[in-house]
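Here are my notes for when you next open this model. I have kept them as numbered points, so feel free to read with the viewer alongside.

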Amino acid sequence: MLSWMAVAAEETGAAPLDDFDSVVRVYRPKIFRYILASLREHDTAENLTQECFVKAYQARERFRGEARVSTWLMQIAVNLVRDHCSNSRLKFWKRALRTAVDVSAAGEWVADRNLSPEAAAVAQQRVTAVWSAAEALPERQRTVFLLRFVEDMEVLEIVTATGMAEGTVKSHLFRALQAVRIRIESTALKATK
C-alpha cells in the first residue's frame with residue numbers, strides 16, 4: 001500500500017513529498033478554487049481551505065492510498081462545504097455576503113488574453129451566465145457540476161469525492177447541464193428582445 005506522500009508524488013510527477021507543506025502547496029489552489037466556486041465567499045473559502053488541510057493532516061495516517069490524494073482532499077472539501085451550507089447559524093451571513101465575490105470578474109479567468117474587446121465582452125457575459133446558472137442549481141447538482149467543469153474531475157473521482165453512487169452522479173450532472181443550458185438560453189433570448 002502506498003503512503004499518502006508517495007501517491008501525491010505519483011500524481012504530480014514530482015520527487016516524493018517529504019512534508020505536508022508540499023501537499024498544501026500542490027493541492028491548495030484546486031481545493032480553494034472548488035470551495036470558492038461553491039460558496040462565492042472569499043473569506044469563508046480561505047477558512048474552509050485551511051480547515052480542509054488541517055483535517056487532512058490530522059487524518060494523514062489513516063489515508064490508505066485507495067484514491068488519489070487530490071480526490072481524498074476534494075472529498076474533505078466537499079464535506080466541509082456541505083457542512084457549512086447546512087449550518088443554520090450561518091444562513092444569515094451567507095445571504096449577506098453572497099455578493100462578496102464579483103461574478104463579473106470571472107470573465108477575466110478566460111485563458112485567451114488576445115481576444116478583441118468585443119470577443120472578451122461576449123466571453124465575460126457567457127462566463128457570468130454560467131456562474132449565475134450554476135448558482136441556481138440545487139446543492140448536489142451544483143457540487144457535481146463544479147467538480148466536473150471547474151475541477152475537471154472524472155465521474156469516478158466525483159463518486160469518490162462525494163460518496164454518491166455513480167448513477168446518482170451521472171443523473172445530477174445530466175440534470176445540472178440541462179438546467180444550465182436552459183437558463184443560459186432563456187437569458188440569451190431575453191437579451192435579444
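**Notes on the model**

1. Let me begin at a turn: Gly163, just after H8, takes a positive phi of about 80°. Gly163 sits in the loop between H8 and H9 and is exposed, with a relative accessible area of 61%. For the terms, buried means under 20% relative accessible area, exposed over 50%, and partly exposed in between (1.4 Å probe, protein chains only). Across the fold, the C-alpha atoms of Gly163 and Asn79 are separated by 9.6 Å, although these positions lie 84 residues apart along the chain count.

2. A word on what you are looking at. This is a predicted model, in which local features need pLDDT of at least 70 and side-chain atom pairs count only at pLDDT 80 or more, while totals for chains, interfaces and linings use all residues. Residues are numbered from 1 along each chain as its sequence is written, and side-chain values use heavy atoms, with hydrogens and water left out.

3. How confident is the predictor in the protein? The average pLDDT (the predictor's confidence in each residue, from 0 to 100) is 77, and 74% of the residues score at least 70. Confidence is highest in H3, at 92, and lowest in helix H5 (residues 91-96), at a mean of 46. Please read two stretches with care: pLDDT stays under 50 over residues 12-18, where the model has 11 contacts beyond four places in sequence, and also over residues 92-97, where there are four such contacts. Contact here means heavy atoms within 4.5 Å.

4. On the overall fold, the protein has nine helices and zero strands. Helices (H or I, at least four residues) and strands (E, at least two) are DSSP runs, numbered from the N terminus. Of the 193 residues, 38% count as buried. Among contacts between residues at least 6 apart in sequence, 61% join residues at least 24 apart.

5. Now to the interior. The largest nonpolar core has 45 residues, and those with the most contacts inside it are Ile31, Tyr34, Ile35, Leu73, Met74 and Leu147. Helices H2 (20-39), H3 (42-59), H4 (69-86), H6 (117-135), H7 (139-149), H8 (155-162) and H9 (166-192) each supply at least two residues of this core. Domain 1 (1-101) and domain 2 (102-193) each give at least three residues to this core; the domain bounds come from an automatic or database domain assignment. By nonpolar core I mean a set of buried Ala, Val, Leu, Ile, Met, Phe, Trp, Tyr and Cys residues joined through side-chain atoms within 4.5 Å.

6. Tyr34 is a good residue to centre your view on. Leaving aside neighbours within four places in sequence, Tyr34 is in contact with Met74, Ala77, Val78, Val81, Thr143, Leu146, Leu147 and Glu151.

7. Next, the pairing of H6 and H7. Their axes come within 9 Å and cross at roughly 145°; axes are lines fitted to C-alpha atoms, for helices over the stretch in contact, and angles run from 0 to 180 degrees between N-to-C directions. Val130, Trp131, Ala134 and Glu135 in H6 meet Arg142, Phe145 and Leu146 in H7. By class, this contact has five nonpolar, no polar and two charged residues. Here Ala, Val, Leu, Ile, Met, Phe, Trp, Tyr, Cys and Pro count as nonpolar, Asp, Glu, Lys and Arg as charged, and the others, Gly among them, as polar.

8. Is H8 largely enclosed or open? Six of its eight residues are buried, so H8 is largely enclosed by the rest of the structure. The buried residues are Val155, Glu157, Ile158, Val159, Ala161 and Thr162.9. Two loop residues deserve a look at their backbone. Most residues other than glycine have a negative phi, and most peptide bonds are trans. Arg40, in the loop between H2 and H3, has a positive phi of about 55° although it is not a glycine, and Arg40 is buried, with a relative accessible area of 9%. Asp152, in the loop between H7 and H8, also has a positive phi of about 55°, but Asp152 counts as exposed at 56% relative accessibility.

10. Finally, two residues of H9. His172 lies in helix H9 and counts as buried at 12% relative accessibility. His172 touches Arg140, Gln141, Val144 and Met164, not counting residues up to four places away in sequence. Glu185 lies in helix H9 too, and is exposed, with a relative accessible area of 52%.
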